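This report describes selected features of the structure shown below. Please keep the sequence and the 3D view at hand while reading.

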Protein chains: 2
Amino acid sequence: MQYNFSQKFASLKPSAVREILKSDAGKNNVPFSAGNPAAESFPSDFVRRAAEQILESRPVEALQYGISEGWAPLRETLKKWCEERCGIDMSKNELIVVSGAQQGIELTAKVLCNEGDTVVAEDPSFIGALNAFRSCGLKLAGVPLDADGADPAALERALASDPKARLVYLIPTFQNPTGITASAARRAELYEVARKYNAIILEDDPYRETRFAGADVPTIKSMDSDGRVVDCGSFSKVLSAGLRVGFVVAAPELIAKITVAKQCSDVHTNMLAQMIVDSFVNAGHIEAHIAKIRRIYGRKYALMADGAAKYFPEGVTMTAPEGGLFTWCGLPKGSDALAVTALAKERGVSVVPGLAFSVREGENVPFIRLNYSTPSDEQIERGMAILGGVLSEYVAGLNE
Amino acid sequence: MQYNFSQKFASLKPSAVREILKSDAGKNNVPFSAGNPAAESFPSDFVRRAAEQILESRPVEALQYGISEGWAPLRETLKKWCEERCGIDMSKNELIVVSGAQQGIELTAKVLCNEGDTVVAEDPSFIGALNAFRSCGLKLAGVPLDADGADPAALERALASDPKARLVYLIPTFQNPTGITASAARRAELYEVARKYNAIILEDDPYRETRFAGADVPTIKSMDSDGRVVDCGSFSKVLSAGLRVGFVVAAPELIAKITVAKQCSDVHTNMLAQMIVDSFVNAGHIEAHIAKIRRIYGRKYALMADGAAKYFPEGVTMTAPEGGLFTWCGLPKGSDALAVTALAKERGVSVVPGLAFSVREGENVPFIRLNYSTPSDEQIERGMAILGGVLSEYVAGLNE
């Protein structure tokens, strides 16, 4: 039979990144296209012992239905985490456990936006969030980034020009795909613009704990004096991506609505995973584990930066992130990132072309995103040499 | 600040059942209001050993991101499951793993319905599904049930009278809240009506494996000659509710869209849980485990039926389910189910008033739903004696 899909889904495509990953799977290529945490960053032994202990001592709690807000002990643990590590005043905020930050983003959009409303996002931005907004029937408006994060003047123009733009989606720390971190001053400016236009800021903060250089910058949520910031956190990069545990922190009234949305979506997050996260945070060696992750990513990024310095031709730029998983390479004017992506793939290196992250679909974006968390050290070294060759060849062709 | 919630969420309330459960938690009452599987039905030892073995042998796979379709080995396992146990022709269908049947319901509604469309559901029906439809901005139309399931003539009237009614939500086996199972002939009739109006049937089938009396009835999906049935299954009642693993089976084109929606919602379902379900289905003792669950629920229902026969006054009816978790008590004409619920609660027995399951909100529905899977045998015996007293008192008052 002929199916009539909803308007919002009729034209929605699967994430280009995930499709690239699927087509790459099993091939002997260098996966600069992925967004996976490093396999060696997972505390597998800890998780195995924690799961065993939980299923030994509280099996019924782990296997029975829970409440949509999240497992009560974990919520308390995470409230402390948010106060201590993210500077959030939890006396004024509430918290819900969600199945990864992705779900936090989607639920927030659902409860705050009507179809046809506009979400203002950094351009480029995280494709998973952009698709979640599209799947809610929302329009997207883009705000360019400079080296200090999203441009406040552009944000102001976007909000001023569109009365239906009332949600601002930002990844201020180690932004995906650019790797850029907004300074504290820039965050304060962005917050003031949101306040001026009575907009809500959705702060997506999954990479915070992966910092390997520079000093922590306060979350926008920590500056939130009037309850207009929704903060999404995640354990995907700190503990495990496959366990799908994240959280949303916001004013109690907002969390109450998000809880209703969560109930409608999947009732509650996997109990065993919630209990494992709780054990992990309370086990006492989390600082050592996070330090280990930072060392891994710092080393991998340094290898990538070395490779770029050694092999990339003049005219190709690369951001210098202080954490997170990604760096963003600018190609010379007139470059077609899709052609570079195809050529790199042919030579065994997969990257993601810039347009995958654009709020405007189908537009050429002369950038490629490189991930350094997934490939092995050897793959990074080899991949950067290959990619350098591809870029040199491509750029030489441009200049002919 | 003042929040502007989306139209679809502005008026949406948390599930009345979950609110009742939360207010009951920790009190020494008889939980006839719950919908939890029996604690003793969880194969805790098996899950503990399986988790340990998985985290020992494939830790990275369990902790890393997966694909939105679900873990490939589990998908193969479930396809076989659907062919063998549900009579579904998997050569014409595809399958996606979801985070419980609740998610399958919500994703199906999202990809098939525009805001303002109508979902036709049995009335009364599962509150979680009704709220998921409401959260998608959908209207609800009700089809009454008789002893043989949803009334095909009423379904035809609902579809004929509303051009925006193109999705039909049915729980044909051990319906929640009524416990009614539609016969094969009735299912065929409902399918024909849907075909006549080119509607899609969403068949919610979470209770199938809990049958303790009577003979299996084929799924509507097994009768689906033209790809208009979406089937949602779940391991919540067979293995564990807290693990949040279910699946959706439908035509490949529909599953492809649902996969995009899944990606936007939560990327993928918890990997460890998927791997545990796969171990469970393939472990070889699943028949014995299901037989055990059937014995537990058969015994618990028999205790409840005995209690009703012994203590319920004339004029109160109760359905006689052959599986599932619920039975549905009709109160005499003129009864106020909320008053009965309040009186029962005062005496230590919590039940859910009929209006919680109504497609029309706020209407008096002179029924209460009783759950026999959650309470212990002792609680069932004690609770039915108390409830019998409450009902006798209430009915006597009515007749004064």
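## Sheets, buried strands and the chain contact

In chain A, four strands form an open sheet in the order β11-β12-β15-β14, and their pairing is antiparallel. The model is predicted: local features require pLDDT of at least 70 and side-chain atom pairs count only at pLDDT 80 or more, whereas totals for chains, interfaces and linings use all residues. Residues are numbered from 1 along each chain as its sequence is written, while chains are lettered from A and ligands numbered from 1 in the order in which they are written.

Helices (H or I, at least four residues) and strands (E, at least two) are DSSP runs, numbered from the N terminus. Two strands pair if DSSP finds at least two bridges between them. Strands of a sheet pair through backbone hydrogen bonds, either parallel or antiparallel.

Which strands stand at the edges of the sheet? They are β11 (317–318) and β14 (352–353) of chain A; each has a single partner strand, so one side of each is left without a neighbour in the sheet. Helix α13 (residues 337–346) of chain A packs on the sheet and touches β14 and β15 of chain A. The direction of α13 makes about 40° with that of β15(A); such angles run from 0 to 180 degrees between N-to-C directions, and axes are lines fitted to C-alpha atoms, for helices over the stretch in contact.

Strand β10 (residues 246–250) of chain A has antiparallel links to β2 and to β9. The table lists antiparallel pairs of chain A.

| Strand | Partner strand | Bridges | An example of bridge partners |
|---|---|---|---|
| β12(A), residues 326–330 | β15(A), residues 367–371 | five | T327(A) and L370(A) |
| β2(A), residues 94–98 | β10(A) | five | L95(A) and V249(A) |
| β9(A), residues 229–234 | β10(A) | four | D231(A) and V249(A) |

Is β10(A) mostly covered or uncovered? It is mostly covered, as five of its five residues are buried (20 or more other C-beta atoms within 10 Å of a residue's own, with C-beta atoms placed from the backbone). G246(A), V248(A) and A250(A) lie on one side, with F247(A) and V249(A) on the other.

A loop of chain B offers another buried position. A356(B) is found between β14 (352–353) and β15 (367–371) of chain B, and A356(B) is buried, with 24 other C-beta atoms within 10 Å.

The two chains also meet. In total, 68 residues of chain B are in contact with 68 residues of chain A, where contact requires C-beta atoms, placed from the backbone, to lie within 7 Å. The largest share of this side of chain B, 10 residues, comes from α10(B).

One part of the contact joins two helices. The axes of α10 (residues 252–266) of chain A and α7 (residues 127–135) of chain B come within 8 Å and cross at roughly 115°. Here A261(A), Q263(A) and C264(A) meet N131(B), A132(B) and S135(B).

How is chain B related to chain A? A turn of 180° and a shift of 0.0 Å along the axis lay chain B on chain A with an RMSD of 0.0 Å. That is the relation of a two-fold axis; the copies are superposed by least squares on the C-alpha atoms of residues with pLDDT of at least 70 in both. Of the residues of chain B, E52(B) comes closest to the rotation axis, at 3.2 Å (C-alpha). Because 100% of the interface residues of chain B are also interface residues in chain A, the copies meet through the same surface.

Notes. Two residues are in contact if their C-beta atoms, placed from the backbone, lie within 7 Å. A residue is buried if 20 or more other C-beta atoms lie within 10 Å of its own, exposed if 12 or fewer, and partly exposed in between; C-beta atoms are placed from the backbone.
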